[in-house]
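Me: I have a structure open and want to go through it. Can we start with one residue and work outwards?

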Amino acid sequence: MEAAGDEETDAIFENEVRAELSVVFEGNSGKVLVPWPSSVTRRWHMAAADRAGSLSTRGTITGAFLSAPGLGRSFLGKALRSTIDWAVRDWMRMVSPYGLPTRQTLFARQAADSPVCSLPGCGSGQQTLAHLLLRCGNPGVHGACTQAHDRIVSILKRGLSGVNSSLRWRWEAKVGDVWPDVSGLEEFALLTPDGIGVDDDKRRIHVVEVARTMDHEGDLLSRRGAEKLWKYNSLCQALKRAFPDYSVVVRDFVVGVRGSVPEDRWALHLTALGVGRGEQRRILTLAAQGSVEGSWQVLKAWRAESASTAGTRPETGSGRLRVAGRRPGC
Ligand SMILES: [Zn+2]
């Protein structure tokens with residue numbers, strides 16, 4: 001983390017107070033401002049998150065977010081401690097309303113002429129945080145978004161492989177490739193669920209789907225899960241017809257862009273797939289961490305794309321958010 005100070009040395013607290021993380025040395029040649037090493041900056045930010053957590057009953061945003069029940073936030077707290085500095089900083093900005101200078105935020109502050117996303121290849125829809133993290137049509141941003149999703153799939157894939165010997169897994173395979181000669185599945189041949197697990201002993205087919213979604217409200221997570229169930233409903237019916245001896249279950253693994261996880265639902269699915277409690281905790285923590293880091297990668301792509309197209313960097317009105325200027329293409 002040699003250059004953490006390059007990106008930003010401000011710590012952002014809930015009350016919008018910013019502190020410069022640097023030390024002033026006074027010597028013969030006058031005052032010298034020396035930035036603190038990134039390890040100190042990181043601890044500073046974690047202390048800010050902890051402080052916000054302990055004040056949650058008084059309604060701070062980060063604290064309220066971390067203490068919401070049933071959404072895996074204890075795993076998230078743990079995950080943030082092993083997440084890299086820059087991702088944690090972006091996480092804190094994502095939790096704070098208007099913490100990031102999206103076009104919509106800039107427009108609201110009269111610092112942009114339109115709230116519409118102006119990135120190449122997109123140009124439709126208001127550039128909100130949700131737009132950037134989940135819907136932006138810019139190839140760079142969209143690519144990072146796909147990677148964020150795939151990150152969670154890999155965590156599940158690793159966590160589930162080898163757990164139950166009677167389960168055979170196919171990951172990111174087309175239905176037509178998994179069952180090439182089965183009639184009745186033709187119209188689903190090109191459909192690619194994130195995972196398909198076949199348990200011949202228990203005569204059960206598991207269709208695994210991973211989805212990332214916004215998570216400022218808990219019910220967004222369950223709504224997204226319901227969408228996935230609906231999307232795969234007709235495939236499930238066709239599979240039941242093709243394999244009458246088997247039951248078919250969709251396992252929806254939804255994770256929020258800020259690292260929220262609907263704990264009960266994940267536990268239900270993971271238990272059914274043969275994962276023990278200890279391993280479940282590990283997977284939940286990794287998923288929370290993976291989603292936070294995935295969102296950070298998306299925001300990084302957004303900054304790079306904004307900088308390369310407009311010739312300017314996205315900045316706040318105060319000019320205090322210094323972003324990504326010195327790290328092109330990373
Ligand atoms: Zn866009």
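**Leu167 and its sheet**

Me: Is Leu167 buried or exposed?
Reply: Leu167 is partly exposed, because 19 other C-beta atoms lie within 10 Å. Buried takes 20 or more other C-beta atoms within 10 Å of the residue's own, exposed 12 or fewer, and partly exposed is in between, with C-beta atoms placed from the backbone. This is a predicted model: local features need pLDDT of at least 70, side-chain atom pairs count only at pLDDT 80 or more, and totals for chains, interfaces and linings use all residues. Residues are numbered from 1 along each chain as its sequence is written.

Me: Which strand is Leu167 in?
Reply: Leu167 is in strand β5, residues 167-171. Strands (E, at least two residues) and helices (H or I, at least four) are DSSP runs, numbered from the N terminus.

Me: What does Leu167 touch further along the sequence?
Reply: Leaving out residues up to four places away in sequence, Leu167 touches Gly197, Asp199 and Gly274. Contact means C-beta atoms, placed from the backbone, within 7 Å.

Me: What is the strand order in the sheet?
Reply: The open sheet has four strands in the order β5-β6-β7-β8, with mixed pairing. β5 and β8 (247-256) are the edge strands, each pairing on one side only. Strands pair if DSSP finds at least two bridges between them.

Me: How many bridges join β7 to β8?
Reply: 10 bridges join β7 (residues 204-213) to β8, and the two run parallel.

Me: Different topic. Why is helix α5 largely enclosed?
Reply: Nine of the 11 residues of α5 (residues 85-95) are buried, so the rest of the structure largely encloses that helix. Among them are Trp86, Arg89 and Asp90.

Key: Two residues are in contact if their C-beta atoms, placed from the backbone, lie within 7 Å.
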